[in-house]
Amino acid sequence: MGIRRLNHAVLYVSDVDRSVDFYRDVLGFRVIHRRPAMAFLRAAESDNDHDLGLFQVNSPPERDRGPAVGLYHLAWSVNTLAELAEFEAKLRESGSLVGSSDHVVSKSLYGKDPDAIEFEVSWFVPRERVTVEMEENLAINRLDIAAEIERWGASLIGAL
């Protein structure tokens with residue numbers, strides 16, 4: 001069981017349109033998913049689902065009601081759903097697990113380190129198994145790792 005690589009970063013930004021323009025025009029990212037206050041971007045040479053998430057947050061003076069501009073979380077990938085299940089057990093045992101989600105094309109656990117910095121540990125459906133229907137129906141659902149292992153298998157290597 002081990003972390004495979006950094007998969008993506010998510011930032012809280014003050015103006016998502018301005019940030020999308022910057023990352024697209026200056027660094028060559030492509031917009032993959034877009035909603036009014038959020039965007040998911042892919043680096044030009046990446047085959048990743050997304051490399052950067054941008055979430056617009058309140059600007060001053062409303063900032064005290066929500067998160068501040070800056071890093072929201074980093075996400076790491078694991079190879080298999082069996083490894084994700086092992087991380088779930090370890091995070092739960094340490095009291096670090098704060099949530100989990102099924103994002104259709106990825107399965108994610110969320111934790112906080114001793115300084116309360118949030119992170120994500122994910123398994124990604126292999127790209128060759130992602131259908132157009134899956135990509136068009138992205139959602140945030142309840143994660144049932146046992147059911148996902150039954151569907152995909154415990155040892156299927158996920159997408160990078």
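In the predicted model, Arg 127 has a relative accessibility of 30% and therefore counts as partly exposed, since this class lies between the limits of 20% and 50%. Arg 127 is joined by a salt bridge to Glu 135, with 3.4 Å between the closest N and O atoms. Glu 135 likewise falls in the partly exposed class, because its relative accessible area is 31%. Elsewhere, salt bridges with shared partners link Asp 21, Arg 24 and Asp 25 into one network. Seven salt bridges are present in the structure. In general, side chains of opposite charge can pair when their charged atoms come close.

A further salt bridge is found within helix H2, which spans residues 81-94. Here Glu 88 pairs with Arg 92, and the closest N and O atoms are 3.2 Å apart. Both residues belong to helix H2 and are separated by four positions, or about one turn of the helix. Arg 92 has a relative accessibility of 53%, above the limit of 50%, and so counts as exposed.

The salt bridge between Lys 107 and Glu 148 has a different setting, described next. The side chains of these two residues meet at 3.4 Å, N to O. Lys 107 is located in strand E7 (residues 106-112) and Glu 148 in helix H4, so the pair ties together parts of the structure that are 41 residues apart in sequence. Lys 107 counts as buried because its relative accessibility is 1%, which is under 20%. Glu 148 is also classed as buried, because its relative accessible area is 8%.

The surroundings of Glu 148 can be described further. When neighbours within four places in sequence are set aside, Glu 148 is in contact with Leu 81, Asp 102, Lys 107, Leu 143 and Gly 153. Glu 148 and Phe 124 are 24 residues apart in sequence, and their C-alpha atoms are 11 Å apart in space.

Glu 148 also takes part in the contact between two helices. The axes of helix H2 and helix H4 (residues 145-152) come within 10 Å of each other and cross at roughly 170°. This angle is over 145 degrees, and the two helices are therefore roughly antiparallel. On the side of H2, the contact is made by Leu 81, Ala 82, Leu 84, Ala 85 and Glu 88, while H4 contributes Ile 145, Glu 148, Ile 149 and Trp 152. Of the residues in this contact, seven are nonpolar and two are charged, and none is polar. Glu 88, which forms the salt bridge with Arg 92, and Glu 148, which forms the salt bridge with Lys 107, are both among the residues of the helix contact.

Two of the residues named above, Leu 84 and Lys 107, are also in contact with Ser 122. Ser 122 lies in strand E8, formed by residues 118-124, and counts as buried because its relative accessibility is 0%. The side chain of Ser 122 makes a polar contact of 2.9 Å with the side chain of Ser 108. A polar contact, again of 2.9 Å, is made by the side chain of Ser 122 with that of Glu 120. Apart from residues up to four places away in sequence, Ser 122 touches Trp 76, Ser 77, Val 78, Leu 84, Lys 107 and Ser 108.

Conventions: Residues are numbered from 1 along each chain as its sequence is written. This is a predicted model: local features need pLDDT of at least 70, side-chain atom pairs count only at pLDDT 80 or more; totals for chains, interfaces and linings use all residues. Side-chain values use heavy atoms; hydrogens and water are left out. Axes are lines fitted to C-alpha atoms, for helices over the stretch in contact, and angles run from 0 to 180 degrees between N-to-C directions. Angles under 35 degrees count as roughly parallel, over 145 as roughly antiparallel, 65 to 115 as roughly perpendicular and the rest as oblique. Contact means heavy atoms within 4.5 Å. Ala, Val, Leu, Ile, Met, Phe, Trp, Tyr, Cys and Pro count as nonpolar, Asp, Glu, Lys and Arg as charged, and the others, Gly among them, as polar. Buried means under 20% relative accessible area, exposed over 50%, partly exposed in between (1.4 Å probe, protein chains only). A polar contact is a pair of N or O atoms within 3.5 Å; within protein, one must be able to donate a hydrogen and the other to accept it, and residues adjacent in sequence count only if both atoms are side-chain atoms. A salt bridge is a side-chain nitrogen of Lys or Arg within 4 Å of a carboxyl oxygen of Asp or Glu.
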